[in-house]
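Q: I am new to this model and would like to learn how to read it. Where should a reader begin?

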Amino acid sequence: MGGKVYLVGAGPGDPDLITVKGLRCLQEADVILYDRLVNPELLQHAKEGAQLVYCGKLPHYHTMKQETINHFLVKYAKKGLQVVRLKGGDPFVFGRGGEEAEECRKQDVPFEVVPGITAGIAAAAYAGIPVTHRTLSKSFAFITGHQAGDVEAEHQWYHLANGVDTICVYMGVSHLPSITKQLMLYGKSPDTPIALVHWGTLSDQQTVVGTLETIVEKVKEADIANPSIIVIGEVVRLHKKLNWFQEEIVPNLPVVHG
Ligand code: SAH
């Protein structure tokens with residue numbers, strides 16, 4: 001049997017949230033290259049003798065360059081091995097999975113993509129926030145917070161503020177002040193509800209809710225950092241009613257107006 005690369009979504013955190021196909025790939029893999037946000041419990045499913053390679057990146061410290069990861073994927077597959085590239089959430093959502101697939105294609109290495117549950121949907125859902133809702137939200141956008149200070153992306157804030165009902169921001173915590181400022185600048189009401197969900201789907205999940213005007217202070221008080229998903233839009237009002245997973249109320253949980 002020839003080698004192959006499987007770009008597998010590990011899901012958002014809770015190890016039960018991987019797909020059946022993803023799990024099967026893990027069990028059969030000869031080599032597993034995994035990321036920092038992948039729940040390590042998932043690695044217990046690796047078969048005996050499988051090689052486990054950590055490719056995690058920390059925000060300011062790249063443990064392994066993307067080119068090196070690409071190189072390994074191709075190298076192992078060309079040896080005839082079954083290679084799993086295990087990524088947090090979904091491999092094609094802010095995970096550079098597209099680049100890895102391109103590299104496989106370029107090197108003539110067969111690959112498959114096994115989608116995963118992305119944090120933007122799952123962390124919101126575990127905080128009782130549906131990203132769409134028949135009366136509250138007919139559209140959602142997934143964006144990265146990294147572009148927050150990027151002047152060239154300014155026009156995008158206009159469109160986000162005016163053209164999308166729910167916005168989920170990945171990698172946005174350190175940019176929260178500039179994200180909220182831009183949205184208000186381009187027309188979103190300061191009363192727009194916003195939630196930050198930290199370590200979504202895991203037992204230590206924390207949620208902080210506020211408005212565009214108040215959230216920066218609340219997050220500072222709660223001392224919350226990455227990994228967190230920021231959800232912005234009317235659907236956040238449902239958190240209070242639908243918060244099914246994390247029953248205890250975080251101190252200082254604000255009252256959402258409206
Ligand atoms: N491919 C991943 C996203 C990778 S980018 C996916 O589809 O989910 C990494 C960012 O995802 C983090 O900075 C954070 O914003 C978000 N994230 C990942 N896991 C999370 C979790 N369990 N809870 C909250 N946010 C999470």
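Q: Which backbone oxygen lies 3.1 Å from a polar atom of the side chain of His198?
A: First, a caution: this is a predicted model. A polar contact is a pair of N or O atoms within 3.5 Å. Here the partner of the His198 side chain is the backbone oxygen of Ala225.

Q: Where does His198 lie, and is His198 buried or exposed?
A: His198 is part of strand 10. Burial is read from relative accessible area, and under 20% means buried. His198 has 10% relative accessibility, so it counts as buried.

Q: Which residues is His198 in contact with, leaving aside its neighbours within four places in sequence?
A: On one stretch of the chain there are Asp204, Gln205 and Gln206. The others are Ile224, Ala225, Asn226, Pro227 and Ser228.

Q: What is the order of the strands in the open sheet?
A: A sheet is read by following which strand pairs with which. The 5 strands of this open sheet come in the order 8-9-12-10-11, and the pairing is mixed. Strand 8 (140–144) and strand 11 (206–211) are the edges; each has a single partner strand, so one side of each has no neighbour in the sheet. From one strand to the next, the twist averages 20°.

Q: Which helix packs on the sheet, and which strands are touched?
A: Helix 7, residues 215–222, touches strand 10 (193–198) and strand 11. The direction of helix 7 makes about 155° with that of strand 11.

Q: How many bridges join strand 8 to strand 9?
A: There are 5 bridges, and strand 8 runs parallel to strand 9 (residues 166–170). For one position across these strands, look at Ala141, which stands opposite Ile167 in strand 9.

Q: How many aromatic pairs does the structure hold?
A: Aromatic pairs are read from the distance between ring centres and the angle between ring planes. The structure holds 9 such pairs. One of them, Phe142 with Tyr170, is edge-to-face, with 5.6 Å centre to centre and 65° between the planes. Phe142 is in strand 8 and Tyr170 in strand 9, so the pair ties together parts 28 residues apart in sequence.

Q: Are Phe142 and Tyr170 buried or partly exposed?
A: Phe142, at 23% relative accessibility, counts as partly exposed. Tyr170, at 8%, counts as buried.

Q: Which residues do ring pairs link into a cluster with Phe142 and Tyr170?
A: Phe94 and Phe140 are linked with them by ring pairs.

Q: Which residue lies over the face of Tyr76?
A: Lys75 does, at 5.3 Å from the ring centre.

Key:
Residues are numbered from 1 along each chain as its sequence is written. This is a predicted model: local features need pLDDT of at least 70, side-chain atom pairs count only at pLDDT 80 or more; totals for chains, interfaces and linings use all residues. Side-chain values use heavy atoms; hydrogens and water are left out. Two strands pair if DSSP finds at least two bridges between them. Helices (H or I, at least four residues) and strands (E, at least two) are DSSP runs, numbered from the N terminus. Axes are lines fitted to C-alpha atoms, for helices over the stretch in contact, and angles run from 0 to 180 degrees between N-to-C directions. Contact means heavy atoms within 4.5 Å. Rings of Phe, Tyr and Trp (its six-membered ring) pair if their centres lie within 6.5 Å; planes under 30 degrees apart count as stacked, over 60 as edge-to-face and the rest as tilted. Buried means under 20% relative accessible area, exposed over 50%, partly exposed in between (1.4 Å probe, protein chains only). A charge sits over a ring if NZ of Lys or CZ of Arg is within 6 Å of the ring centre and within 35 degrees of the ring normal. A polar contact is a pair of N or O atoms within 3.5 Å; within protein, one must be able to donate a hydrogen and the other to accept it, and residues adjacent in sequence count only if both atoms are side-chain atoms.
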